[in-house]
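Biologist: Before I trust any of these labels, I'd like to hear the reasoning behind them. Can we go through them together?

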Amino acid sequence: MSAPVLAERSRCTGCGACAAGCPKNAITLVADREGFFYPVVGEDCVQCGHCSHICPAMKQREVRPESAVFAAWHRDDTIRQRSGAGGAFAAIAEYVLEGGGIVFGAAVDEHMVVRHVAVRNREELSALRGPKPIQSDLGDAYRAVRRALAGNQIVLFTGTPCQVDGLYRFLGEHPANLLTCDLVCSGVVSPGVWDKLVQTMTYIKRRRAVSVQFAHKQEGMKEGRFRVYFEGGSTYDAPLSKSQLGHGYVNRLLQRPACHTCPYANANRVGDITLGTFRGLGEAFTAEEQKGISLLLVNSVKGAHLFDALPLHREKRTMAEAKANNPALCAPQSANPARSDFFAALEEAGSDLRAVLERYLNAPNPLGAMAAKWKEKLWKKR
């Protein structure tokens, strides 16, 4: 019996709809050499074709009307400070929770693995706040959403556009009691690479990593700080762009192959609301940008009703302004030419793991680069 037709590896987003939707549980997601998860079909497959039918990568997306664009921030400065941008996600999630609903989103567990989890009260909501560039493990999330919807609960699902689309394909419909938020996404980092980064930090600190903030806000600083907390109170703290994770992400070394041809990297959004960070609003908004401003794209009637109920300060803006500082609303970014070399070196690293990570992921020292240029000029003059 031949295997079912699934998306080519270069187009597979790892959304997991095929595995969650398989009636025989014949599909599992297995990590490849780069640490990304891909579907593997087992012997229990009965060739029903359901996995092919619901695979988002094998479907043509419908074109939606242009979204309404807003810059927004939470009226509570404390919540805003603890949020990734302007606190818009917190406002949406709290609204759903207050109505007795459930919120699904990405959190970092005690093993430093990024997983989608269900939150049922405000006390648990902090785990979902803040950006997490690592591709999350959806686990049983799609099926849990379906069970909650069948119980007539209101559900908010937040994730990357491919994850939101995967949920809709898995469900086969857009239920009235389901609200979705997709994220302005510049690609997802390999969970395998993240695990290796955690291993090296643990080795250096000689303590177990217990939590992380990928973009902690610090007063007076425009850039978020990458903070890892270890047992005993020790921390690793650096500007995100100066960390190995941030440097590799910005330089497009760590993203999933499908991210570089992403069909969602445009203004045709899949969720009811799109969430991101709004920058470049001009001098009048400098102080507000330092505190964080959320970008909201309202993409559906359901999203508009939700947006109207939120305790947010809002400013109507244009799609051109939204795109100006969010390239992921325009087109996917090409991979770094050194990407394949990095993953090949990582696979062969063995005990030289730290050396490989330092070689490819350490941010260059601008003073060191300047000194090297002066040495070169002096050498040429001799």
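Modeller: Happy to. Axes here are lines fitted to C-alpha atoms, for helices over the stretch in contact, and angles run from 0 to 180 degrees between N-to-C directions. Keep in mind that this is a predicted model.

Biologist: Then start with α12 and α13: at what angle do their axes cross?

Modeller: Helix α12 (residues 339-347) and helix α13 (residues 353-361) have axes that cross at roughly 170° and come within 9 Å.

Biologist: And what makes α12 roughly antiparallel to α13?

Modeller: Angles over 145 degrees count as roughly antiparallel. The crossing is at roughly 170°, so α12 is roughly antiparallel to α13. On the α12 side the contact is made by Asp341, Phe342, Ala345 and Leu346; α13 brings Leu353, Val356, Leu357, Tyr360 and Leu361.

Biologist: Next, Tyr142 in helix α5. Why is Tyr142 called buried?

Modeller: Buried means under 20% relative accessible area. Tyr142 has 3%, so Tyr142 is buried. Among the residues Tyr142 touches are Cys15, Ala17, Phe157, Cys162, Leu167 and Phe170.

Biologist: How do you know that Tyr142 has a polar partner in Gln163?

Modeller: The cut-off for a pair of N or O atoms is 3.5 Å. A polar atom of the Tyr142 side chain lies 2.8 Å from the backbone oxygen of Gln163, and Gln163 is also on the list of residues that Tyr142 touches. As for Phe104, 38 residues apart from Tyr142 along the chain, the two C-alpha atoms are separated by 9.6 Å.

Biologist: Let's do the hairpin. How many bridges let you say that β4 and β5 pair?

Modeller: Two strands pair if there are at least two bridges between them. β4 and β5 have six, in the antiparallel sense. One of the partnerships is Val108 with Val114 in β5. Five residues sit between the strands of this hairpin, and Met112 in the turn has a positive phi of about 65°.

Biologist: Asp109 is in that loop between β4 (102-108) and β5 (114-119). Is Asp109 buried or exposed?

Modeller: Buried: the relative accessible area of Asp109 is 16%, and the cut-off is under 20%. The Asp109 side chain also makes a polar contact, at 2.6 Å, with the side chain of Arg115.

Biologist: On to α7. What span is expected for α7, and what does the model give?

Modeller: α7 covers residues 191-205, 15 residues in total. From first C-alpha to last, α7 reaches 21 Å, close to the 21 Å expected at 1.5 Å a residue. At the start of α7, a side-chain oxygen of Ser190 reaches to within 3.1 Å of the backbone nitrogen of Gly192. After α7 comes Arg206, with a positive phi near 60°. Buried residues in α7 include Val193, Trp194, Leu197 and Met201.

Biologist: Which strands does α7 pack on, and how are they arranged?

Modeller: The strands form an open sheet of three, in the order β8-β9-β10, with antiparallel pairing. β8 (209-216) and β10 (235-239) are the edge strands, as each pairs on one side only. Neighbouring strands are turned by 10° against each other on average, direction ignored. α7 touches β8, β9 and β10, and the direction of α7 makes about 60° with that of β9.

Biologist: How many bridges join β8 to β9?

Modeller: Five, with the strands running antiparallel; at least two are needed for a pair. Val212 stands opposite Val228 in β9.

Methods:
Residues are numbered from 1 along each chain as its sequence is written. This is a predicted model: local features need pLDDT of at least 70, side-chain atom pairs count only at pLDDT 80 or more; totals for chains, interfaces and linings use all residues. Side-chain values use heavy atoms; hydrogens and water are left out. Helices (H or I, at least four residues) and strands (E, at least two) are DSSP runs, numbered from the N terminus. Buried means under 20% relative accessible area, exposed over 50%, partly exposed in between (1.4 Å probe, protein chains only). A polar contact is a pair of N or O atoms within 3.5 Å; within protein, one must be able to donate a hydrogen and the other to accept it, and residues adjacent in sequence count only if both atoms are side-chain atoms. The expected span of a helix is 1.5 Å times one less than its number of residues. Contact means heavy atoms within 4.5 Å. Angles under 35 degrees count as roughly parallel, over 145 as roughly antiparallel, 65 to 115 as roughly perpendicular and the rest as oblique. Lists of a residue's contacts leave out its neighbours within four places in sequence.
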